[in-house]
Amino acid sequence: MRLDTAQLLKRFFFCERSLLVSEAAWIPSIASLGVKIGLARFIWQSSETAAALRNRVFELRFPSRLLEEQGADHALIEVFGAVKESPSAPAFLLCVARVLLPALRDSYREYLEASDTIADGPTHRFLSLALTEKDEQVKAFEEWAQSALALQPELRESAMAWIRVVADRLSQVGGVGVAPSPSAEVAAPLPGSKPHSVPARPARDPRFWACRFYWPDIVDPAYPYGEGIQLQLRSAISHVNEVWAIEAGGVMLSAFADVLPWEWIHNAARWTYDESRHCRMGYERLMAWGLDPAEIPLGTYIYESASGQDPIYRLGMLFFFETKNIRHKPARAQLFHTYGDVVSEHDMDFDWADETMHTGYGKHWLKELLAVRGEDPAAYDQVRERCEKLVRDYVGTATAQEVADIKKAAATLLAKAGRPA
Ligand SMILES: [Fe+2]
Ligand SMILES: [Fe+2]
């Protein structure tokens, strides 16, 4: 019946919402660049499914007030949120791969098999897509967990213990499923959990050259941004270094998930995914030039400039860099065109469209956040200015050695990129 259906779809909505918030919180703590990029994409998929679920619940004339409450599914949804407190990155990945995603996947399948394709046709369309995505997500998380455990085999035992704890709790609260909710009690924190904290420094993929400042012009204003191959390389390096933006996206999404309305999560998920595409543009470009990841600088300065600060500055950093750089992008796309570099032109052109959307997000959500805090929404520009200062101060800590090292690294890359691959 209509209201039972709405009740189930509401449950799925809260599970997806909670899962994606936990995934977002883990982005800065996981080293692999491929996993950060993949997580951003899956967060976005979950947010799209959740948005479709939420709309469908409204269409079914579910008392809309109740969509703001988890209701009888509260204990279940707490389990999806509890993976944020996983004891280690491999434990988190394994638990999502083996417990949470399979539970959602199986429930979607059951729902699709049991429900009416005529009366509930609109749900069938998006939930079938969600089921396909869940299959892909299960496979990817399993591979990521195995790769992470291969690097840190000493964590295997605790990761296995953690998934047993989460699986037991999930079955105690009745699982996801398609049955009426058993209204389980919310229990104490899961044994073996570790309180979540945002790392002061982001985990970095060991395949790359780890540094704080990823190009000489960041620490030396006299160093030219360049033209020709220098501009092409600089642009690809900027793109791959948007890894900081994926991390900022994940941190801010989870930090304000319970403070701002659902649309925040939906926008922040898309934003994080877009940044992961920009990062991947740079990565693919550098690989196509035949460059060695060990020589590619992956910096941390923007992330670290906002560490230890109010998380509003994560949102502020994205807004600051987007508004600062956007005016250069159409001109750069045009220059790439004159060089006959179609790939760089194409990347910059799409990037520009995404960033235009993001500056809108930034202004809107900074104002909303200030308003929710009882502060003046017009002060959003002061957040931006403070970000500029935080970055300037942090750049001021660059050592002579760091400046010399990045100049050397840039010269090596320029010499290699200038030769045909
Ligand atoms: Fe970007
Ligand atoms: Fe952006």
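These are my notes from looking around this structure, which is a predicted model.

**Entry 1: the first iron**

I started with the iron ion (ligand 1) and asked which residues hold it. Its protein donors turned out to be Glu242, Glu275, His278 and Glu355. The glutamates use OE atoms and the histidine uses ND1, with the donors lying 2.0 to 2.2 Å from the metal. Along the chain I read their spacing as E-x32-E-x2-H-x76-E.

Then I checked the geometry. The 4 donor atoms around the iron ion (ligand 1) subtend angles of 85 to 140°, so I put the arrangement down as irregular. The tetrahedral class needs all angles between 85 and 135 degrees, and the range here runs up to 140°.

I also looked at where two of these donors come from, since the pair links distant parts of the chain. Glutamate 242 is in the loop between α8 (229-240) and α9 (243-255), whereas glutamate 355 is in helix α14 (residues 342-372). They are 113 residues apart.

Buried or exposed, I wondered about glutamate 242? Its relative accessibility is 10%, so I count glutamate 242 as buried; the cut-off for that is under 20%. Glutamate 355 comes out at 4%, so that one is buried as well.

**Entry 2: the second iron**

Next I moved to the iron ion (ligand 2). Its protein donors are Glu275, Glu322 and Glu355 through OE atoms, plus His358 through ND1. I noted distances of 1.9 to 2.2 Å for them. What spacing do they follow along the chain? I got E-x46-E-x32-E-x2-H.

This site is irregular too, with angles of 89 to 156° among its 4 donor atoms. Here the pair linking distant parts of the chain is glutamate 275 in helix α10 (residues 262-288) and glutamate 322 in helix α12 (residues 312-325). I have them down as 47 residues apart.

Both of those are buried by my lookup: glutamate 275 has 1% relative accessibility, and glutamate 322 has 6%.

What joins the two sites? Glutamate 275 bridges the iron ion (ligand 1) and the iron ion (ligand 2), and the ions lie 3.4 Å apart. I also saw Glu355 named among the donors of ligand 1 and among those of ligand 2.

**Entry 3: arginine 17**

I went to the other end of the numbering and picked arginine 17, which sits in helix α1 (residues 2-26). Its relative accessible area is 15%, so I count arginine 17 as buried.

What does the side chain reach? I found the backbone oxygen of alanine 257 at 2.9 Å from it. Leaving out residues up to four places away in sequence, arginine 17 touches Ala257, Asp258, Trp262 and Ile265.

**Entry 4: helix α6**

I took helix α6 (residues 156-172) next. Its 17 residues reach 24 Å from first C-alpha to last, close to the 24 Å expected. The buried ones are Ala159, Trp162, Ile163, Val166, Arg169 and Leu170. They cover an arc of only 130° around the axis, so they sit on the same side of α6.

I wanted the reason for that pattern. An α-helix has 3.6 residues a turn, so residues three or four places apart point the same way.

The other side of α6 has Glu157, Arg164, Ser171 and Gln172 exposed. Looking for what covers the buried residues, I listed α3 (74-82), α4 (89-114) and α5 (121-151) among the elements. After α6 comes glycine 174, and I noted its positive phi, near 95°.

**Entry 5: threonine 399 and helix α16**

Last stop was threonine 399, in the loop between α15 (380-395) and α16 (400-417). At 38% relative accessibility, I count it as partly exposed. Threonine 399 and valine 219 are 180 residues apart in sequence, yet their C-alpha atoms are 9.3 Å apart in space.

α16 itself has 18 residues and spans 26 Å from first C-alpha to last, close to the 26 Å expected. Which of its residues are buried? I wrote down Val403, Ile406, Ala409, Ala410, Leu413, Leu414 and Ala417. Their arc down the axis of α16 is within 135°, so they line one face of the helix.

Turned away from that side, I found Ala400, Gln401 and Lys408 exposed. The cover over the buried residues of α16 includes β1 (209-210), α7 (216-219), α8 and β2 (297-298).

Note on methods:
Residues are numbered from 1 along each chain as its sequence is written. Chains are lettered from A and ligands numbered from 1 in the order in which they are written. This is a predicted model: local features need pLDDT of at least 70, side-chain atom pairs count only at pLDDT 80 or more; totals for chains, interfaces and linings use all residues. Side-chain values use heavy atoms; hydrogens and water are left out. Donors are N, O and S atoms within 2.8 Å of the metal (3.2 Å for Na, K and Ca); water is not among the atoms, so sites may look incomplete. Four donors count as tetrahedral if all angles lie between 85 and 135 degrees; four count as square planar and six as octahedral if opposite donors are over 155 degrees apart and all others between 65 and 115; anything else is irregular. Helices (H or I, at least four residues) and strands (E, at least two) are DSSP runs, numbered from the N terminus. Buried means under 20% relative accessible area, exposed over 50%, partly exposed in between (1.4 Å probe, protein chains only). A polar contact is a pair of N or O atoms within 3.5 Å; within protein, one must be able to donate a hydrogen and the other to accept it, and residues adjacent in sequence count only if both atoms are side-chain atoms. Contact means heavy atoms within 4.5 Å. The expected span of a helix is 1.5 Å times one less than its number of residues. The arc is that of the directions from the helix axis to the C-beta atoms.
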